[in-house]
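Biologist: I'm new to this one. Could you show it to me and walk me through a few questions?

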Amino acid sequence: MDREILHITVPAFPIALARVVHAHLRGRPVAVAPLNSERALLQCISPEAAAEGVHVGTPIYHARRSCPSLIVIAPDLHLAAKGNQALMELSAEFTPVVEPGAGRVFLDVTASRRLFGPARDVAARLEKSIAVELGLEAMAGAGGNKLVSRVAADTMREPGVYDVFHGAERPFLAPFPVSVLPGVGESRQTLLFRDLNLKLVQEIAALSVPQLRLAVGPFAPLLHDRACGIDRSPVQPLRMSTEIVEEGLLEQEENDDAILLSELLRLVEGCGLRLRRLRKGARKITLSVMYADGVAQQGKKVLPVPTSLDLPLLAAVEELFFTTCKRRQRVKGLRLSCDQVAEDAGQMDLFAVTPAQVSRKETDLQETLDLLREKHGRNAVRWGKGLAARREVTLASETPPEWDPEQNKYMTVTKN
Amino acid sequence: MFVHLHVHSSLSPNWGVLSPEALCAEAVRLGFDTLALTDRNGLYAVPRFLDAAREAGISPIIGTEAVTQQNRAVLLAADQEGYANISRLLSDLHCDKSFDLCHALTRYRHGIIVLSDDRRLLSALKRVSADGLFVELSPGHDMHRALATSRELKLPAVATSRALLRLGTGSAGACPPRSCAPHSNTADITTKGTGTWRSQSPPKQSPLGGDISDFHLHRVLRAIDLNTKLSRLTPEQTASESDALYGAAKMAKFFPHCPEALENSRRIAEMCRREWDFSRTIFPAFRGLGNDDAFTTLNRRAREGALWRYGSIGPNVEARLQKELAIIRDKGFAHYFLVVEEITKQSQRTCGRGSAAASLVAYCLGITHVDPIRHNLFFERFLNEGRSDPPDIDVDFPWDERDAILDFAFARYGASRAAMVANQVGFKGRSALREVAKVYGLPDFEIKEMTERISGFWRAEQSAAAMAGHPLFQGETLSPDWQEIVATARHLNGQLRHLSLHCGGLVIVPDEIRRYVPVEISHKGLPLIQWEKDQAEDAGLVKIDILGNRSLAVIRDAMAAVKEQKGIEIDYASWRPLEDERTQSLMRRGLTMGCFYLESPSVRLLLRKIWSPTAPPETFAIDLFEVLVQASSIIRPAANSFIQEYIARMQGKKWAHLHPLLEPVLGETLGIAIYQEQITQIAMELPGFSASEGDQLRKVITKKHRGKRLEDFRAKFMAGGQERGVTGAVLDAIWDQILSFAGYSFCKPHSASYALLSAKAAYMKANHPAQFIAAVISNQGGYYSPFAYISEGRRLGLTILPPDVNESDHHYTGFDKSLRIGLMQIDGLTREGTQRLLKERRERGKFTSFRDFLRRADVQRADAERLVKAGCFDVLEGEQRRPALLWELLHFQQQSTALLFEQKTELPTPPPYDAGTVLRQEAEALGFLASRHPLALYKAQWQRHRPIRASELIKHSGQWVTMVGWWITTKMVEDKRGRPMEFVSFEDVTAIFDATFFPDVYARFCRKLSQRRPYLLKGMVEEEFGVATLRVKWVGFLDG
């Protein structure tokens, strides 16, 4: 049976959301970027900004030059999460098989045809309810698979449904540039296709698989399928995970260990509390360090025994931190995940050295702390380590030296 | 009484903070009369320290702190022998991987006083002898344990503070101490420092509550060195905060329990030698000859050479030879000349330069090539009776032959006698900012944003000033992080990071180099002394500069090509390029792009102005060579107003000497001081300085160390002049002229050597342009980019041919009226790939098709791809087939790797690229467009603006015009009031033209300059001496 996949997208999602909350942003050029520096890069821009020649990925001050009236807002993760949640909930009214993305959802409505009619009807209703309930403009694409429905939705300039009939997938994709195909991103392959003079999807579809294999190797059959509009990937609803994850973004990017460790303590306490509520301990911890320049490093560690108490957990995490965070680069955020969550008294290794017993006192202390915090708030009792450390600041009160003409008079500078 | 015996200057690599001068000044302030300098693992600052100590009136003690993985000890030189031993020991430490300090000290113990708190080392040394062995007690460094060691081993203790910080003043760096008042509150912090007290936490704030403290700077230095961040520095990795230069009384407070340790410091100081004299010049020895034998040899060679140069020895030559040889004999320079001659003989084309070109002996020996008698070169600038410092002969070699020459020198003299001069690499404005910002963890793109606007020439202080006041930074407020980074970075000046190889300085001594200075090993594997050229010179080491010169290689290659293609051979020694009409005309029209030394826009402008259409016929009668020598010397940043005057006088303006006394000095240069040695001569004529005083004045003005001494000289100059009846106004005017030599100027012999080389290059350009331009681009490193030279080639009437798999060589080739782009220009093409291609072609003939190439040449896929995209197969296969060739390449590659299940795949036939893709591929592959001028692509856009042609600029003199241009080169300068401005050369399809951005326009448009985009310019055409330039008022782009 033919599948019916529906794709709903809200263009410039963070901006669209912000415009719902703040009316003054409507109709004006808006961009999203972290506001800590004028050099931060734009993450998302509104069509008005795009019309003024602003591009995603340029620094703020650069963008302001080509568009002086640009309004820059900070990314609001909370709002984005709420928006995504709302999209999910609205979609879930039509089918349980919903795959979320940032400002996008895939719906598999194959089985709900009897209930709600064909996909384009579902799309129209969903668009309407998104407009009514959330006040957002959404575009929809419908088709026999995820690829086609996504491309269809992305071509829409204003709300509506682009329905690609079954059997028309290949001619539909044919005139698009090759970059719409997943797997042909900004990688080397784009360059290769450019050199081989393959610009449109139809040109790839016209090649045979062995020919294509010359260019892309084992990826060829899949790519060829995609170029022909064949995409068998299923719509995947969110999976439940046993991981316990705490994530923290620093207020300000920082490379001072003291501050990073105090942030780490906060994450450890969060994880620890959740573990203890489950009466379980973690066997494996994973620490991801996100740096200011976008690089991430990850370290993993297996603990000898399941741990849930804050202090032993912290000791392990700190050790992991020093082996993981090796760069001088400032850190933007930290993510701690506790995996292989096991019963406190799980199966033990037969030949392992007997782990040090957790003393009664430690457990008591932790319990008392947890109780106190539950009753009086999380910050009622805190470890001294976690008190917001100040970065060592050497006050630079010296006035900058004068641009001294005498000194520079005879300094000839030749650039390049 | 106490003496500091363990002190680090900023030349302790990646450790010290204060310059030797600042340390001496601080020691004087604290009332010391003796100071030791013990830099880490080196004598990096010894000559400088001795100089600074002499100025400050302090007795210097020389030593070092030797630190290895296992041991640590302070070594002080008790006598000359001790100095030599320290130097040998340090050389071993740097050169010998299995170095062990205990072992080395037993070997080199003589004349060395050892201070250490290393128990193992002390007991090992004590077994041999307890003489000159002391236990070092320093506050903040496990003092009680050291004291216990001293009692157990029965060795005397000595107090040190391992000083590297300055107390109280708070400011740091090599800048002179600004506030010298003692601050008592700092004492409270540090007097706690007994026993094992150690600074665990970083400083909250420096005692003065404002400035960057020395300690903070030290920590930043350590973090830079260890590639870590401030918060992760362990106390073992840095000095302690208590390691400061204390006053004697403060020091006494640390040792109430052990006063003898203080006494011992004085005792040791008395044991050490404190009168050091490094002024004796150390010459190399030529083939083990004695002084007399060497002189006889030199005498014979010089006379042989004179016969070779002149055919016969005339009376004037004989007289000059005798005069020079007499001085050479008296001063014992014969060895030096013979050594240089021997090295010079290793290459066919050299250019001896610098003041040595004034010497007839050097000319006769073939070291230099300008006839000093014919061109009236002043020998005394090179050698005179009164001059005490060693002479300096610099010889240029073709850049690609330099390594072979050095190899020869080391093979001849051995690494035990010869070594290279070092550069002491510290921080400059840009690197300081970058390194500090990295310690602070800023992302690279943010750092680059800042640093790319900072000139590599600026020092740290200047870049801090620029960020506050330069138009490039206008309208940006620095974040607090950046403010702190800038404030820290501006104090990073002379702090030594590491040594690097000086570009050509070679030192040869008669006996053992390690006696004089510690030797390290450079990355290239050459031995390297620890001093840079100034200190080496101060210490009496004579250096021979063996420098690489690209233009010599250009001339060599062009001559070889001409000989091969046309069969014309030019005899290098007797070549008189300026007698050629075409060469003269080329130089007079300023068409000297690509000609050594005369190619920058400012020199070309000068040449054009001198012989402009407005010049009277007499100007054309002046000896061209003399003018070239003068022109290449007068182009100095500070001599702008004199240049105007010079041109006017060249064109017949009436003028008189500022004072009749100047007639003999400035007569030949139209009354304007042009050459460096004219400073000396003026000072001798006018205020009656002695020759050596005059020479000193020249040095003070042209070298870096100025300041107070300059003031003294000025006073003396004025007084002397007035005594001789010269008025104050005249003296002021002359002094101003003299000052314009600051920083950058040449002596006449040097300019003459270079002018000859320029003329040779110009000859090649005028007569064999294709071969010449090919050689210029192939040797790289000209003033302009390859693109600019290709444009110049086009203007010379050459056809530019694209790279071709059957025609191109690795380098560019010129043939008749065409210039073939070499494979070297193809971006990313590996050296190995090129060699395989060329080898195959040489051995088995041209390639017949792409397939043939793939089968035979066996190059990597990426290389083949680049060759296709660069259009190397367009002749064989046609441009239309480029995408098809890439498919073929993929297929070929698959077949050669996957043999097991061979597939027969039919290849697709893709359509040819569109025109835009072809152009983009060309620009990507070559780095520029060679098939046409890039401006040609924007013809439709520029025609709308109706621009004038650059070749007709002069016709529009005084008018407001629109022009289009492609950026060629840029020079940023400061105007009289220190405001930045810029001279930019653009070209349109007809000619290169010079545009001036005055400060107001520069401030508005500076961020738009030096991009590779088509420019649209509006402004006024200004004419000066018959040459037109554009004074820009508005800048835009054609493409957006």
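Biologist: Which residues of H29(B) are buried?

Modeller: This is a predicted model, in which local features need pLDDT of at least 70, side-chain atom pairs count only at pLDDT 80 or more, and totals for chains, interfaces and linings use all residues. Residues are numbered from 1 along each chain as its sequence is written, with chains lettered from A and ligands numbered from 1 in the order in which they are written. A residue is buried if 20 or more other C-beta atoms lie within 10 Å of its own, exposed if 12 or fewer, and partly exposed in between, with C-beta atoms placed from the backbone. In H29(B), those that count as buried are Gly694(B), Asp695(B), Leu697(B), Arg698(B) and Ile701(B).

Biologist: How wide an arc do they cover around the axis?

Modeller: The arc is that of the directions from the helix axis to the C-beta atoms. An α-helix has 3.6 residues a turn, so residues three or four places apart point the same way. The buried residues sit on the same side of H29(B), because their arc is only 155 degrees.

Biologist: Which helix gives the most to the largest nonpolar core?

Modeller: A nonpolar core is a set of buried Ala, Val, Leu, Ile, Met, Phe, Trp, Tyr and Cys residues joined through C-beta atoms within 7 Å. The largest has 362 residues, and Ala31(A), Leu35(B), Leu76(B) and Val507(B) touch the most other members. Helices are DSSP runs (H or I, at least four residues), numbered from the N terminus. With 11 residues, the top contributor to this core is helix H32 (residues 748-767) of chain B.

Biologist: Is Val268(A) buried or exposed?

Modeller: Val268(A) belongs to helix H13 (residues 257-277) of chain A. Contact means C-beta atoms, placed from the backbone, within 7 Å; beyond neighbours within four places in sequence, Val268(A) is in contact with Asp310(A), Leu313(A), Leu314(A), Val317(A) and Leu336(A). Because 27 other C-beta atoms lie within 10 Å, Val268(A) is buried.

Biologist: What is the radius of gyration of chain B?

Modeller: Chain B holds 42 helices and 21 strands, where strands are DSSP runs (E) of at least two residues. The radius is taken over C-alpha atoms, and the globule rule is 2.2 Å times the number of residues to the power 0.38. That rule gives 31 Å for 1040 residues, so chain B is as compact as a globular protein of that length, its own radius of gyration being 33 Å.

Biologist: What share of chain B counts as buried?

Modeller: Its C-alpha atoms fill a box of roughly 90 × 90 × 60 Å, taken along the principal axes. Of the 1040 residues of chain B, the buried share is 49%.

Note on methods. Contact = placed C-beta atoms within 7 Å.
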